[in-house]
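Colleague: I should be grateful for a close look at a single residue and the helices around it. Please set out its surroundings in one connected account.

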Amino acid sequence: MVVRENFQLQLEEMKQAIVQISKLAEEALELSVEALKNQDLDKALQIIENDNRINVLEDEINDMAILLIAKQAPVASDLRRIIAAIKISSDIERMADFAVNIAKSTIRIGKQELIKPLEELPKMAHHAIAMLTTATKAYVEEDVALAKQLAELDDEVDETYGKIIKELLELMTKNPEHLSQISQLLFVCRYIERTADHATNIAESIIFLVKGKRYGLND
């Protein structure tokens, strides 16, 4: 009985580590979009420097998972919880990497005047970040219905992404002298769109955790 209680405590510790890495990734993404919008190069550099914290935490989660599997030989739902934690932490770490990529694009654009005010792009980013918040809540509560809602949210991000890409390509045609800046903004759009995709991946892991079967939300 004591062994089982310890196991449950370790599972809870791993869940809390997922919540922590999610909060760090959310913060990095929010700061990266803010840095881009305000062309704040110091803030962009700070995001890049802080990324190691997230990488270290992902490694710690993986180590926890490996030790749990090795010591407890879990089966069924317990094993799914551990596998889901590994997959979810990997998806969140990739989202944090996109924040770093946005920061790098911000630095490459530098202080040159933006070809147009950034309005729709930050909105899309905040939508994608909200998806991570929702995904984390669904994970903590093991809420399949909430997880499935992320597919609809992802569709909305994809639609906005398509509109922004079209607008930027038109600007590129009319303003070839701004090719470098527009290219970086295109990259940023892609990073945000991929962030939303990874939130959907997390939703799929939650459904696997609870239901024990694969469910493709991006199909």
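Modeller: The residue I have chosen is T195, which counts as buried because its relative accessibility is 2%, under the 20% cut-off. The model in which T195 is examined is a predicted one. T195 lies in helix α6. Apart from its neighbours within four places in sequence, T195 is in contact with L29, M95, F98 and A128.

One of these partners, A128, leads to helix α4, since A128 of α4 and T195 of α6 are both among the residues that make the contact between these two helices. The axes of α4 and α6 come within 9 Å and cross at roughly 15°. An angle under 35 degrees counts as roughly parallel, and therefore α4 is roughly parallel to α6. The crossing in which α4 passes α6 is left-handed. On the α4 side, the contact is made by L121, M124, A125, A128, M131, L132, A135, A138 and Y139. On the α6 side, L185, V188, C189, I192, T195, A196, A199, T200, I202, I206 and L209 take part. By class, this contact has 18 nonpolar residues, two polar ones and no charged ones.

Helix α4 (residues 120–141) also packs with helix α5 (residues 144–174), their axes coming within 10 Å and crossing at roughly 165°. Angles over 145 degrees count as roughly antiparallel, so α4 is roughly antiparallel to α5. Here, too, α4 passes its partner α5 in a left-handed crossing. From α4, the contact takes in E120, L121, M124, H127, A128, M131, T134, A135, K137 and A138. A128, a contact partner of T195, is thus also among the α4 residues that meet α5. From α5, the participants are L146, A147, L150, L153, D154, E156, V157, T160, Y161 and I164. The residues of the contact of α4 with α5 comprise 13 nonpolar, three polar and four charged.

Helix α5 itself has 31 residues, and the distance from its first C-alpha to its last is 46 Å, close to the 45 Å expected at 1.5 Å a residue. Its buried residues are V144, L146, A147, L150, A151, D154, V157, Y161, I164, I165, L168 and L171. These buried residues pack against α4 and against α6 (179–211), the helix that holds T195.

Two further partners of T195, M95 and F98, have numbers within the range of helix α3 (residues 76–109). The 34 residues of α3 should span 50 Å at 1.5 Å a residue, and the end C-alpha atoms are 50 Å apart, so the two values agree. After α3 comes G110, which has a positive phi near 65°. Helix α3 also packs with helix α2 (residues 41–72), at an angle of about 165° and with the axes 9 Å apart. That angle makes α2 roughly antiparallel to α3. The crossing of α2 and α3 is left-handed, and the residues of their contact divide into 19 nonpolar, five polar and five charged.

As for the wider setting, the protein has six helices and zero strands. Its C-alpha atoms fill a box of roughly 70 × 35 × 20 Å along the principal axes. Of its 219 residues, 48% count as buried, and T195 is one that does. Among the contacts with a separation of 6 or more, 83% join residues 24 or more positions apart.

Definitions and conventions:
Residues are numbered from 1 along each chain as its sequence is written. This is a predicted model: local features need pLDDT of at least 70, side-chain atom pairs count only at pLDDT 80 or more; totals for chains, interfaces and linings use all residues. Side-chain values use heavy atoms; hydrogens and water are left out. Axes are lines fitted to C-alpha atoms, for helices over the stretch in contact, and angles run from 0 to 180 degrees between N-to-C directions. Helices (H or I, at least four residues) and strands (E, at least two) are DSSP runs, numbered from the N terminus. Angles under 35 degrees count as roughly parallel, over 145 as roughly antiparallel, 65 to 115 as roughly perpendicular and the rest as oblique. A crossing is left-handed if the near helix is turned anticlockwise from the far one by less than a right angle, and right-handed if clockwise. Contact means heavy atoms within 4.5 Å. Ala, Val, Leu, Ile, Met, Phe, Trp, Tyr, Cys and Pro count as nonpolar, Asp, Glu, Lys and Arg as charged, and the others, Gly among them, as polar. The expected span of a helix is 1.5 Å times one less than its number of residues. Buried means under 20% relative accessible area, exposed over 50%, partly exposed in between (1.4 Å probe, protein chains only).
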